[in-house]
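Please open the structure in your viewer and keep the selection tool at hand. The tour below proceeds stop by stop, with a selection and a short account of what is found there.

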Amino acid sequence: MGKILGESAVRVDAVAKVTGAAPYAADEVIVGMAHAALTTSTIARGRITEIDVQAAEAVPGVRLVLTHRNLGDGVGEGRFLVPVYGGQFQSSFNPLASNEIRYFGQIVALTVAETPEIAEHAASLIEVRYAAEPAVIALQDTETAAVIDLVGVEAGDAAKELARADVVLDEEYETSVNHHNPIELFNVTATWSDGALEVRVPSQWVTGERYALSSVLGLSEEDVRVISPYVGGGFGCKGATLWHTVFTAEAARRLGGSVKLFVSRRQMFTIGAFRPQSRHRLRLGATEDGRFTAYDHEVLTQSSRTDVVALPGTDNTARLYAFPAIRTRESTVQTDTNTPGFMRGPLEFPELFALESGIDELAGKLGIDPVELRLRNEPDKEPVHGLPYSSRSLVECYRRGAEIFGWSERDHAVGSMRGPDGELIGWGCASASYPVFEGSVCDCRITVDAAGRAVVEVAAQEIGTGTYTTLGQIGAEAIGLKVSDVGVSLGDSDLPRGLATAASSTVATIGSAVHVAGRKIRERILALAAARLPGDLTVEDGIVQAANGARVSVAELVAAEPGGVLSLESRYTPPNLTPEMVKSTLEESTFNITGPIGPDHVTFSYGANFAEVRIDPVTRRVRLGRMVGVFGVGKVINPRVTESLLMGGMIWAAGHALLEKTVLDRGRAKFVNTDLAGYHLATSADIGEVIVETVDERDDAVNVLGAKGGVGEMGIVGMPAAIANAVHHATGKRVRRVPILIDDLV
């Protein structure tokens, strides 16, 4: 790789974002467009016995009210799969398909009017009567429910090794329900014109959204266009098609024009996905000198009545250390909620919280430094199948992180470290691990014009992760142009087929597609130059140069071509995709990813997290003093962007550890704190110093770029456990659930 990859380029859209010039979906204003508002259910389970829309329809300016009574059989027919089964829908349940209610806050009506104020007022006038049935929302209330076994990992005889281990840890851990709460609310603007549909919606998967809308509305894919140039935060909640988008599109079709819907913050808690509650029983066995002998991990999460969602994180944790014997079991029970889904580090955070908390407890039992215990169990190969790691820098991450943090100054006795004001100080550590995924088939078009400028086009998305910038760098490096001479076009389903922005696979897959297409354009440029220049040729910064010093610009070469352009479209297919995956992607826009287990190796990103907490000895208020994270993620395309993503994840992890919790009303089976006043997010005042570094890690096996990825997830998955371990070190009190609240420490 040349000088461009690895350069801390400023985001190309930075000025546009801070000045408000960057176009988001909700910014679209169409003359004459109507506005929509939702009405949602006030029970969690049962049936609608009566729905009266007369008062709403009588309001001047109301143009349409959609309910289960008039939606019609032409919408919502078919088989709608969620992404974990390859589909594009957040839930396979159409909430307006019948009078059935499956969760509190389910959509029961969509009202369209001339202004948003009229629509909201009319929507509030709809009267709904229900026949309610008993409902459950919390895992604590599902003991008599049928447990659905999902997956598990086994290697060796964990039960036997636990029985003869010198020291055994056997504890239970829990993570709470969490909601995404991006700054940008759910919204959609649907326009129907000449039999075709255009939808502007914040989407993490414009090609999947197009296929979903065409299938549910009975249209061809060519008659649907989805536009999403920027997304104001997604974190998984905008990765699948939501049913309010379908209903808004249908309303636009019936009215023959444009309809815009804004979803309220409260409604976002119920009509979209969320991170499900999880419970863990963890058993670890070890010898007296701190060698792991067994790892046994049972996980129970919640699903909906509609979809059985599998988010198996122990595939990751089972391969983190040198475990001679492994047994994991992942199960779920169905609850009366909307279908849970992906939320930053969806599989990894809950399981790593349990494991990394447990290892800290085991270190205490053994009297071994928590960092040393982890290093003592560094594997030379992954323990399940005995495959080599494509690269692994966890030890290097720990050594560098401990150096930055000053870990050698830690007093290991709990409650022994004090600040100048008498505050309790605690230091904790934990590992981060994230599987490296590659997405499915990805197309890319690159066009170079007579000015020597290139445009990279792919139907990917910019969700705040710097995709415009990093893909521009990859394209410039591959072609041989300056970064300033390469533009990137994203967020439009009419562009060459892209992928979902999910599982931190954008750089690994779409970046590889851009690299391959750029190299092909480079070869064409060099072929054109070979007719003018002798010998071996190189191209850099838009100039082709021969060994004898003769030069010609890319602009001059392209200007001489017919039409003055050089354009190429190519397809990138990750090597581990099966023919069936390729076929389903091309024909049905199926959500396919591969990894981290390959035929010859396994590929994970790793990191070491360190946290310092400062706790008031009287009130037990917890403040973060410092967080340090050192990560190995393969080739770093843009250090500035990478540091930003990792730091953001670490800050969110602090929120998970100490603040964020969706409170459950178990009696009514509803979420209680459905706004930003009650759902507490970490702010700058809650976060102390944050230090992020990456190690220099080379991985030639992972992809053509050597970029392992996981950057969007790595910051969040391990830090909650590090903070929980720091709280224990400060107070001597072990809290085995997050968030850790003052009540837990008093």
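A residue is called buried when its relative accessible area is under 20%, exposed when it is over 50%, and partly exposed in between. The model shown is predicted.

**Stop 1: an aromatic cluster**

Select W407 and F610. These two residues form an edge-to-face aromatic pair, with 5.5 Å from centre to centre and 65° between the planes. The pair links distant parts of the chain, 203 residues apart: W407 belongs to the loop between helix 11 (394-405) and strand 16 (424-435), and F610 to strand 24. Are W407 and F610 buried or exposed? W407 has a relative accessible area of 6% and therefore counts as buried. F610 has a relative accessible area of 0%, so F610 is buried too. Now extend the selection to Y398, F405 and W427, which form one aromatic cluster together with W407 and F610.

**Stop 2: a second aromatic pair**

The whole structure holds 24 aromatic pairs. Another of them is F292 with Y321, also edge-to-face, at 5.8 Å centre to centre and with 75° between the planes. F292 lies in strand 14 (residues 292-304), while Y321 lies in the loop between helix 8 (314-317) and strand 15 (326-335), so the pair ties together parts that are 29 residues apart in sequence. Both F292 and Y321 are buried.

**Stop 3: strands 3 and 5**

Select residues 62-66, which make up strand 3. Of the 5 residues in strand 3, 4 are buried, and the strand is thus mostly covered. Add residues 107-113 to display strand 5, which pairs with strand 3 in the antiparallel sense over 4 bridges. Within this arrangement, L66 stands opposite L110 of strand 5.

**Stop 4: an exposed loop residue**

Move to D194, in the loop between strand 9 (187-193) and strand 10 (196-200). D194 has a relative accessibility of 81% and so counts as exposed. For a sense of scale, select S8 as well: the C-alpha atoms of D194 and S8 are separated by 46 Å, and the two residues are 186 residues apart along the chain.

**Stop 5: helix 12 and the residue after it**

Select residues 467-479, which form helix 12. The 13 residues of helix 12 reach 18 Å from the first C-alpha to the last, close to the 18 Å expected at 1.5 Å a residue. How many residues of helix 12 are buried? The count is 13 of 13, and helix 12 is accordingly described as mostly covered. Just after helix 12 comes G480, which takes a positive phi of about 105°.

**Stop 6: positive phi outside glycine**

Select A503, in the loop between strand 19 (486-489) and helix 13 (506-530). A503 is not a glycine, yet its phi is positive, at about 60°. With a relative accessible area of 17%, A503 is buried.

Continue to R620, in the loop between strand 24 and strand 25. R620 is likewise a residue other than glycine with a positive phi, near 65°. The relative accessible area of R620 is 21%, so R620 is partly exposed.

**Stop 7: two cis peptide bonds**

Select G595 and P596, which are joined by a cis peptide bond with omega of about 0°. P596 sits in the loop between helix 15 (579-588) and strand 24 (604-615).

Next, select V738 and P739. The peptide bond from V738 to P739 is also cis, with omega near 0°. P739 lies in the loop between strand 29 (737-738) and helix 19 (742-745).

**Stop 8: the second largest pocket**

For the last stop, select L658, L659, H680, I740 and L741. The second largest pocket has a volume of about 410 Å³. Of the 19 residues that line this pocket, the five just selected, L658, L659, H680, I740 and L741, are the closest to its centre. Which elements each supply at least two residues of the lining? They are strand 25 (622-632) and helix 16 (639-658). Strand 25 gives the most to the lining, with 3 residues. By residue type, the lining divides into 12 nonpolar, 3 polar and 4 charged residues.

How values were computed:
Residues are numbered from 1 along each chain as its sequence is written. This is a predicted model: local features need pLDDT of at least 70, side-chain atom pairs count only at pLDDT 80 or more; totals for chains, interfaces and linings use all residues. Side-chain values use heavy atoms; hydrogens and water are left out. On a 1 Å grid over the protein atoms alone, a cavity is a set of points where a 1.4 Å probe fits but cannot get out, and a pocket is an open set with protein on both sides within 12 Å along at least five of seven lines; lining residues have an atom within 4 Å of a point. Grid points are joined across faces, edges and corners, and a volume is the space filled by probe spheres set on the points. Ala, Val, Leu, Ile, Met, Phe, Trp, Tyr, Cys and Pro count as nonpolar, Asp, Glu, Lys and Arg as charged, and the others, Gly among them, as polar. Buried means under 20% relative accessible area, exposed over 50%, partly exposed in between (1.4 Å probe, protein chains only). Two strands pair if DSSP finds at least two bridges between them. The expected span of a helix is 1.5 Å times one less than its number of residues. Rings of Phe, Tyr and Trp (its six-membered ring) pair if their centres lie within 6.5 Å; planes under 30 degrees apart count as stacked, over 60 as edge-to-face and the rest as tilted.
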